[in-house]
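User: Could you zoom in on one part of this model and talk me through how it is put together? A connected walk-through would suit me better than a list.

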Amino acid sequence: MAKYYVVWKGRTTGILEDWDSCKKSIEGFEGAQYKSFKTLKEAEEAKKKGFYKSIKPKEPAGTGRIPRPDYPAWAVDAAWNTKTGDMEYQGVDLQTGRNLFHRGPFYDGTNNIGEFLALVHALALLHKHGSEAPVFSDSRTAIAWVKKKKANTKLDRTPRNGELFELLERAETWLRTHTYKNPIRKWETEWWGENPADFGRK
C-alpha cells in the first residue's frame, strides 16, 4: 500500500512519496520530525497543521487507552503543603526527565494556582524558544483556566501571598497578549503512572 511521508524537519522537507526518500531526509538528522500517512489528502492536511498537532496518539482499537506519549513534550505539576499552605511548581522534559524550571515555595497558595502558573510558565518558555511542543498537566482545572485566560481562584489575598497574586496577574496578562500553538494535554495518571513532574510527596 502506498504511503506519503510528511517531513517537517529534515534535510528535505515537505511531502515525500517513498520511504527511501524520507529515510535519506531524516536519518542522522538531529530533531527530525516526520510521519507517514495513507493518503495524499491526509498528508497535505498534516503538513499545514504542523508536527505536534499531527501526532496526537489515538486509542488502540478495543483498549480504551491512549498510549503513553513518546515524543518531545513537557510535563508540569505543583505541590501544596496542607499544613503550611506553601506551594511550588516545576516543569520537566517528558523524554529525559530533566528539570526545566522550578519556582517556589510561595506562601498561602493553592495547588490549582500552582498548576496554572506551571502551565503558563511552560508556554512562555516554549514560545520564547519558538517550540510548539505539547505540555501535559494532570489538572483539568488549570487547563480550563489557561484556555479561559483567567485563574478563577477564590483564594483571598493576604500580606503573605502578594507575590503569588502578582504572578497570577502577569500570567493572565501573558495569556491575553500572546498566542501559542502548543497543545495542552491531560496527563492520564491512571494509564501512564504518576506525572513525571510530580514532587513525589504523596
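**The three-stranded sheet**

Analyst: Let's start with strand β1 (residues 4-9), which runs antiparallel to strand β3 (residues 33-37) and is joined to it by five bridges. This is a predicted model, where local features need pLDDT of at least 70, side-chain atom pairs need 80 or more, and totals for chains, interfaces and linings use all residues. Numbering starts from 1 along each chain as its sequence is written, and side-chain values use heavy atoms, leaving out hydrogens and water. Strands (E, at least two residues) and helices (H or I, at least four) are DSSP runs, numbered from the N terminus.

On the β3 side, you'll find tyrosine 4 opposite phenylalanine 37. Now turn to strand β2 (residues 14-16): three bridges tie it to β1, and again the two run antiparallel. Tyrosine 5 has leucine 16 of β2 as its bridge partner, while valine 6 is matched with isoleucine 15 of β2. The link between β1 and β2 is a hairpin of four residues.

Put those pairings together (a pair needs at least two DSSP bridges) and you get an open sheet of three strands, in the order β2-β1-β3, with antiparallel pairing. β2 and β3 are the edge strands, each with a single partner, so one side of each has no neighbour in the sheet. On average, neighbouring strands here are turned by 25° against each other, ignoring direction.

Two helices lie across this sheet. Helix α1 (residues 19-26) lies across β1, β2 and β3 and runs at about 15° to β1. Helix α2 (residues 40-49) lies across β1, β2 and β3 as well, with an angle to β1 of about 10°. Those angles, on a scale from 0 to 180 degrees between N-to-C directions, use lines fitted to C-alpha atoms, for helices over the stretch in contact (heavy atoms within 4.5 Å).

For a look beyond the sheet, try helix α4 (residues 140-148). Ala142, Ile143, Trp145 and Val146 are buried there (under 20% relative accessible area with a 1.4 Å probe, protein chains only; exposed is over 50%, partly exposed in between). Viewed down the α4 axis, the buried residues fall within an arc of 160° (taken from axis-to-C-beta directions), so they line one face of the helix. They pack against α3 (111-128), β7 (135-137), α5 (162-177) and β8 (184-186). Arg140, Lys147 and Lys148 are exposed on the other side of α4. Just past α4, lysine 149 takes a positive phi of about 60°.
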